[in-house]
Amino acid sequence: MEVSVRKERKAAAVRSEVSAPPAGRGIVRAAIVAMRPQEWIKNLLVFAGLLFSGHFTRGDAIFDATVTFLAFCAVASAGYLVNDAHDAELDRQHPTKRFRPIAAGELPVNTAIALAVGLVVVGLAGSLVLEGPEVAGLVLAYGVGTTLYSYVLKQEVILDVMTIAGLFVLRVLAGAVAVSADASAYLLLCTGMVAMFLGFTKRRQEATSELHAGTDTRPVLEHYSLPFLDQMVSLVTTGTVISYAIYTVNSPLIGNQMMLTIPPVVYAIFRYLYLIYDRNDDRSMSGIIAGDRGIQAAGAVWVIVAFLLLYVFN
């Protein structure tokens, strides 16, 4: 009982901290915040093809992957602006989302939409000119997918999370195409499973948060019960671990030596679940990664081991 009380007090403290209103922001700062640069960490998946193809030592390949990464960042930020403009009324009812620049009235909707259009043009034009039509087409597909998600698919139970997974896979595929590498079927499968893991854990965080706050700001959560979400999290966690393990056994470059990277991946997944379930952490995925040294350490170990296996001992 005492442990439960301590957990609830800590969760309330975290929610209170996050819910504190931000200092007054000018329109430029508000626009930058609304673009959510902290979420660009997801676009690092673009570099997966570069890393696993053995092209990480080629300057031209690094340039191509970086251009693709920046194009996805631009289009992703445009998607966040469109999403927040569309959800402004619902966000104003949420304990933390009401402080987002558009919901708070710091960034006018028309300005946000104009900025989103500009970002899409820059992202598509840059990828088309520097990387060619194939990469630009994948960036465009990502943009269309995020728009459909914001206006339609985010309200469709299960399809909302599957859409998120598809957008993650597009990042990996575009990165591989940009550096002329073959995207392993197991790599794409693993990416999709990781994305669904993050998607269902996010839905569980949102459902738990709204249950405590007594709000109803995301209609799709009406169709998600906590027992169902727990089942989904359990299922995709298993799928993620197994699909990554299978990939490491059949690594295109070094075969089963990649199995040495399994421990940090499993630890990071279990640590993430520990923070969500045991510590009631309701931050976003990027917020959890940026604020947890355990996950950061696991990520650093994974990068070091993978780099040594692929580029030093291979």
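These legends describe close-up views of a predicted model.

**View 1. The largest nonpolar core and its best-connected members.** This core has 43 residues, and Phe52, Phe200, Tyr244 and Tyr272 touch the most other members. Seven helices are named here for supplying at least two residues each: H3 (48–52), H8 (159–178), H9 (185–213), H10 (226–249), H11 (262–277), H12 (285–291) and H13. H9 gives the most, with 8 residues. In soluble globular proteins, nonpolar side chains tend to be buried together.

**View 2. The surroundings of Phe52.** Leaving aside residues up to four places away in sequence, Phe52 touches Leu187, Tyr247, Leu253, Met258, Trp302 and Leu310. Apart from the core of Phe52 lies another core, of 22 residues. Its members include Cys73, Val75, Ala76 and Val139.

**View 3. Helix H10 and its buried residues.** H10 has 24 residues. From first C-alpha to last, H10 reaches 35 Å, close to the 34 Å expected at 1.5 Å a residue. Its buried residues are Leu229, Met232, Val233, Val236, Thr237, Gly239, Thr240, Ser243, Tyr244, Tyr247 and Thr248. An α-helix has 3.6 residues a turn, so residues three or four places apart point the same way.

**View 4. A nonpolar patch on the surface.** Phe56, Ile304, Phe307, Leu308, Val312 and Phe313 make a nonpolar surface patch of about 560 Å². One of them, Leu308, lies in helix H13 (residues 293–312). Leu308 counts as partly exposed because its relative accessibility is 32%, and partly exposed covers the range between under 20% for buried and over 50% for exposed.

Key. Residues numbered from 1 in each chain as written. Predicted model: local features only at pLDDT ≥ 70, side-chain atom pairs only at ≥ 80, totals over all residues. Heavy atoms only, no water. Patch = residues over 30% accessible without salt bridge, like charges linked within 9 Å, V, L, I, M, F, W, Y side chains within 5 Å. Areas by Shrake-Rupley, 256 points an atom, 1.4 Å probe, with all protein chains shown as cover. Salt bridge = Lys/Arg side-chain N within 4 Å of Asp/Glu carboxyl O. Helix = DSSP H or I, 4+ residues; strand = E, 2+ residues; numbered from the N terminus. Buried < 20%, exposed > 50% of the residue type's maximum accessible area, 1.4 Å probe, protein only. Core = buried A, V, L, I, M, F, W, Y, C linked by side-chain atoms within 4.5 Å. Contact = heavy atoms within 4.5 Å. Expected span 1.5 Å × (residues − 1).
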